[in-house]
Amino acid sequence: VFLKDNNGRIALELALDKSKIVSEGLNNYGEAINSPILNGQIWYDAKFNIPSSSVKRANEILDKNWKKIQPEEYFKFEYEQILKEKKAELEQIASSSPTGTAEMEIAKQNIEETIRQSMNSEQVFYRQEKNKILKLTITTADSPEYKKVAEEIAKMWRAIGITTDIN
């Protein structure tokens, strides 16, 4: 749903510092482009202008629909969501044996650890709309260059509060 929203796509674009992606992700072996059509191709228009990178403007756009939440609020939200999803499973663990309550506590600790491990230390805030956290996954080829570029993009999107995973 987020990617269908033009403002969401604009915010993603504004968060990208293409020159940094080329320098950090590709060791300057590449060229930043601002058009879906490459220079030298038919229909290429040098006047086609995509606004330059602006984290401030990207945040302003996202602030309209996605509130900022702190990492501990994110943790609590994710923890409660998983507990709801696994409620029946946890109840079964608790009632299945004399040590069920202790086993259930261990299961809850495992959930906490899983969430903590999934949280990226460089993400200082998250975005939430009602009962949703703004999350995206970048899927890329399994090559060092593509992985490095995907990580640079993920860092930039995390800076505007978007939980970004790489597959």
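## A starting point: S118

Let's begin with one residue: S118 sits in helix α6, which covers residues 100-118. This is a predicted model, and every value below was computed from it. Is S118 buried, exposed or partly exposed? S118 counts as partly exposed because its relative accessibility is 47%, and that class lies between the 20% limit for buried and the 50% limit for exposed.

From S118 we can look across to F75. The two residues are 43 apart in sequence, and their C-alpha atoms are 9.9 Å apart in space. F75 will come up again below, as one of the members of a second nonpolar core.

## The chain as a whole

Stepping back, the chain contains seven helices and five strands. Following the sequence, you meet them in the order α-α-α-β-α-α-α-β-β-β-α-β.

How does the chain fill space? Along the principal axes, its C-alpha atoms occupy a box of roughly 75 × 35 × 25 Å. The radius of gyration is 21 Å, whereas a compact globule of 167 residues would have one near 15 Å. Of the 167 residues, 33% count as buried. Looking at contacts between residues at least 6 apart in sequence, 75% join residues at least 24 apart.

## Two nonpolar cores

In soluble globular proteins, nonpolar side chains tend to be buried together. Here, the largest nonpolar core has 22 residues, and the members that touch the most others are F2, L62, I153, W157 and I162. Two or more residues of this core come from each of α1, α3 (55-63), β4 (135-138) and α7. Helix α7 gives the largest share, with six residues.

A second core is separate from this one and has 11 residues, among them F75, F77, I82 and I115.

W157 makes a good guide to the first core. Which residues does W157 contact, once its neighbours within four places in sequence are set aside? They are L12, A15, L16, L136, I138, I162 and T164.

## The largest pocket

Now for the empty spaces. The largest pocket has a volume of about 330 Å³. Its lining is made up of 13 residues, and those nearest the centre are L16, K18, I21, V149 and I153. Helices α1 (6-15), α2 (18-26) and α7 (144-158) are the elements that each give two or more residues to this lining. The largest share, four residues, belongs to α2.

What is the lining like by class? It holds 10 nonpolar and three charged residues, with no polar ones. Two residues tie this pocket to the largest core: I153 lies among those nearest the pocket's centre and also among the core members with the most contacts, while L16 is near the centre too and is in contact with W157.

## A second pocket and a cavity

The second largest pocket has a volume of about 180 Å³. V1, F2, D5, N65, W66, E129, K132, I133, L134 and K135 line this pocket. By class, they divide into five nonpolar, one polar and four charged residues.

How many cavities of 30 Å³ or more does the whole structure hold? The search finds one, and the volume of this largest cavity is about 40 Å³. F2, D5, N7, G8, I61, L62, N65 and W66 form its lining, to which α1 and α3 each give two or more residues. Four of the lining residues are nonpolar, three are polar and one is charged.

F2 is worth finding in the structure: it lines the second largest pocket, lines the largest cavity and belongs to the largest nonpolar core.

Definitions and conventions:
Residues numbered from 1 in each chain as written. Predicted model: local features only at pLDDT ≥ 70, side-chain atom pairs only at ≥ 80, totals over all residues. Heavy atoms only, no water. 1 Å grid on protein atoms, 1.4 Å probe; cavity = no way out; pocket = protein on both sides within 12 Å on 5 of 7 lines; lining within 4 Å. Points joined across faces, edges and corners; volume = space filled by probe spheres on them. Nonpolar A, V, L, I, M, F, W, Y, C, P; charged D, E, K, R; others polar. Core = buried A, V, L, I, M, F, W, Y, C linked by side-chain atoms within 4.5 Å. Buried < 20%, exposed > 50% of the residue type's maximum accessible area, 1.4 Å probe, protein only. Contact = heavy atoms within 4.5 Å. Rg over C-alpha atoms; globule rule 2.2 N^0.38 Å.
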